Amino acid sequence: MSNDRTQETQHLQQVYEELSQAKDTYQTAIDEVNTTGKSVLEQFSGDTKLNFDSYSDNLETFAMMEMKNREIDQLNIQNETAAKQLEKVERLLKVPYFGKIDVTFLDDDSDRDVFYIGMNDFTNLDGESRIYDWRSPIASLFYNNVLGDSSYYVNKTEIPVSLNLKRQLIIEEDRLLNFFDTSLAIQDDILLHSLEADSSQYMKDITTTIQQEQNEIIRDESHPLLLVNGIAGSGKTSAIMQRIAYLLYNHRTKITADDILLLSPNSTFIDYISQVLPNLGERNPLNLTLLQFLKFTFREKAPIESESDYFKRITAEQVNAQQRVIQSQNFVAFIQAFQDASLIQQSLFKPILFKRKPIFSAELIFGLYQETPTTLSIRDRLSATKEKLSSLWNRYLIKQSKSKQMIDQMQDLTEAEQLRYFDTTFDAEDEEQLVAYALQRLQQKYRKVVDAITDVAWFDQWLLFEALYQRYQQVSYERVTTAYTADEVVILLLLKDKFIEDLSNRQMAFILVDEVQDYTEAQILLLLKLFPQANFTLAGDENQAIFNTSISFIDLQELLSASSRSVTSYQLLNSYRSSKEITQLFQTLVTNHEKLNIVSIRKDGEKPVFISCNDQEVYLEKLISILGSLSSEEATVIITKNAVEAEELEHQLSQKNNTNATQILSIDMAKGLEFDNVIIHDPSTLRYGTTEREKKILYTAISRGMKQVFLPYIGELSTLLALE
Ligand SMILES: Nc1ncnc2c1ncn2[C@@H]1O[C@H](COP(=O)(O)OP(=O)(O)OP(=O)(O)O)[C@@H](O)[C@H]1O
């Protein structure tokens, strides 16, 4: 055994032993806390009598309860801390560490030290640091730098070092399987080994093999807006997930997962990535689809389109002109600059009703609005109207509460009714008290009126939408569905923010958007408006812009720059998911200059299989035979151009008595996911013409494949593929 191997083996055994000891210690601590907790609780409910007989007994009992509660709180804190430590140690016992660096500090003392890098920090029971978290400042040397003179940053201070050694270790529990010394970034062998694993139901983290270009994105803290343009399978989603873990670690005293919002393409995808952060020991942030996010922010009772309607709409070939208008940056700019108060007419006001009877008429509310100073903005005038309505209403209730009718009603309440309404009883002779309770009763009864005033339900935002659209386009807006579309909600939210109330959220610290190429200009502008102080990471791939809602990276960059945010761009051109052959195939479908620079990282694999079929019958038989030939251990999918084709194919296969387990997904649902084997459903000239969109659908579908892609087609192969 080489000297290095002996040393590493001994080191591993020692650290493993220390981890095991730490595990026992934390476990014992938790057991002890639980036992003490139990006895505190037993004492509490057993020996000690809770005595509420007199005022002084009450005080004593409350003091005793307070003391016991504090004891229990203390125990809970101890328990939580020990449980967290235990969880970390248990994670490390599976793989204690995966990297090692040997560093000379180039300051006065020229100290030399080695650091082992793992999924978490670990300090042994004697207080010695044994493992450094992959997100700690020193660990950046492991991912970023070549051997020799180098540096890393701690709190923006640069620490110069010389990197003497960088070692990658493959470890399972206390067994050292292998190790490699490398002068470059991450050693290819280990990366390739990790890429060879079969696809699984859940996305895996890439902590041990993060590449230099991905690491820069993960750790970039100096720029407020990152725009990541990466080809299919270049690790955009992986980098986003690792970045979230990094941010949670680095800002752990200031933020939690609740201060991060992650927007994902669809609900299947949210499920697919749901395990990455918990496996890294972190809580998932708020992870929503754009549609869910809009519903969450809109908070109105009016229905919004369902996910399936939404996808049906954005995958349609034809887009109506008015949809294009409301998706556009120009319409948003028009709204944001709009100041002409003459638009606000009485017709936009609605009466406030209670049990269908008007409490305030639209005319009266408009009158109140007109009394507000014309020098104010429309939003401030509506806000002043709200104040006026509130104060009118309060005055009315106070007056009512003093009326003879109300006082009589209060006097007539039985004790049981008093308890039910007010949680207490009162003296029916005390008039002042009666008036106070009458007011409370009226406020309870008319709660909905107050809600209507506060929620500005008396102002019709939809009519305002229509009025603005009419002003902008000189034609009226035709509503197509009764439920609001996502595009309409985007505009309604922008309108609300501009004319009714400030909707901006200053708590969200980080917003991360995956598949940003699918967003409309208006959607991007809404996000920037709602989160003025957040740090944004936007990742996407123009080649995958398969929806009729999409934005090019050039337009995106212009849009972001125009919003006076400085944009830092990253490009990812390494293909990690697909085999060399699959990468070469989808590379032919790339339209811009990226085509020349795409690099496939995986080893050679199988060539994509094109299968010509004369007719539908032969095609279905071929499909069944491909399905039958593939291992059931591997994930296989048939990808269709849209949901209708997926349904049709499912029906046709079931009629053919296909007994193979078959997953059929339309391209909108397969987005972002990956499979060992992908079958492209009939890429013939009949199904795929020559449009940009069809090219992008093929690119997206083919790039879902890791190992093998089959392309069975009826008649002639689409010229998009035949050209190559
Ligand atoms: N550094 C890495 N080490 C190991 N595996 C990696 C690395 N980077 C990416 N991968 C793997 O490559 C595959 C593709 O990654 P990911 O889904 O993050 O790419 P993407 O750019 O978001 O893809 P797409 O846009 O096509 O959906 C995943 O299986 C991921 O685990």
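**Ligand surroundings and two helix pairs**

Of the 23 residues around the ligand, those that come nearest are T209, K236, S238, E674 and R704; a residue counts as near a molecule if one of its heavy atoms lies within 4 Å of it. This is a predicted model, in which local features need pLDDT of at least 70, side-chain atom pairs count only at pLDDT 80 or more, and totals for chains, interfaces and linings use all residues. Residues are numbered from 1 along each chain as its sequence is written, and side-chain values use heavy atoms, with hydrogens and water left out.

Oxygen atoms of the ligand are approached from backbone and side chain. A backbone N or O atom of G233 lies 2.9 Å from one such oxygen atom, and a backbone N or O atom of S234 lies 3.2 Å from an oxygen atom of the ligand. For R577, a polar side-chain atom lies 2.8 Å from a ligand oxygen atom.

Helix α5 (residues 212–219) packs against helix α6 (residues 236–250) at an angle of about 45°, with the axes 8 Å apart. Axes are lines fitted to C-alpha atoms, for helices over the stretch in contact, and angles run from 0 to 180 degrees between N-to-C directions. Helices are DSSP runs (H or I, at least four residues) numbered from the N terminus. In α5, I217, I218 and R219 meet A239, Q242, R243 and Y246 of α6, where contact means heavy atoms within 4.5 Å. The residues of this contact divide into four nonpolar, one polar and two charged; Ala, Val, Leu, Ile, Met, Phe, Trp, Tyr, Cys and Pro count as nonpolar, Asp, Glu, Lys and Arg as charged, and the others, Gly among them, as polar.

Key: Helices (H or I, at least four residues) and strands (E, at least two) are DSSP runs, numbered from the N terminus. A polar contact is a pair of N or O atoms within 3.5 Å; within protein, one must be able to donate a hydrogen and the other to accept it, and residues adjacent in sequence count only if both atoms are side-chain atoms.
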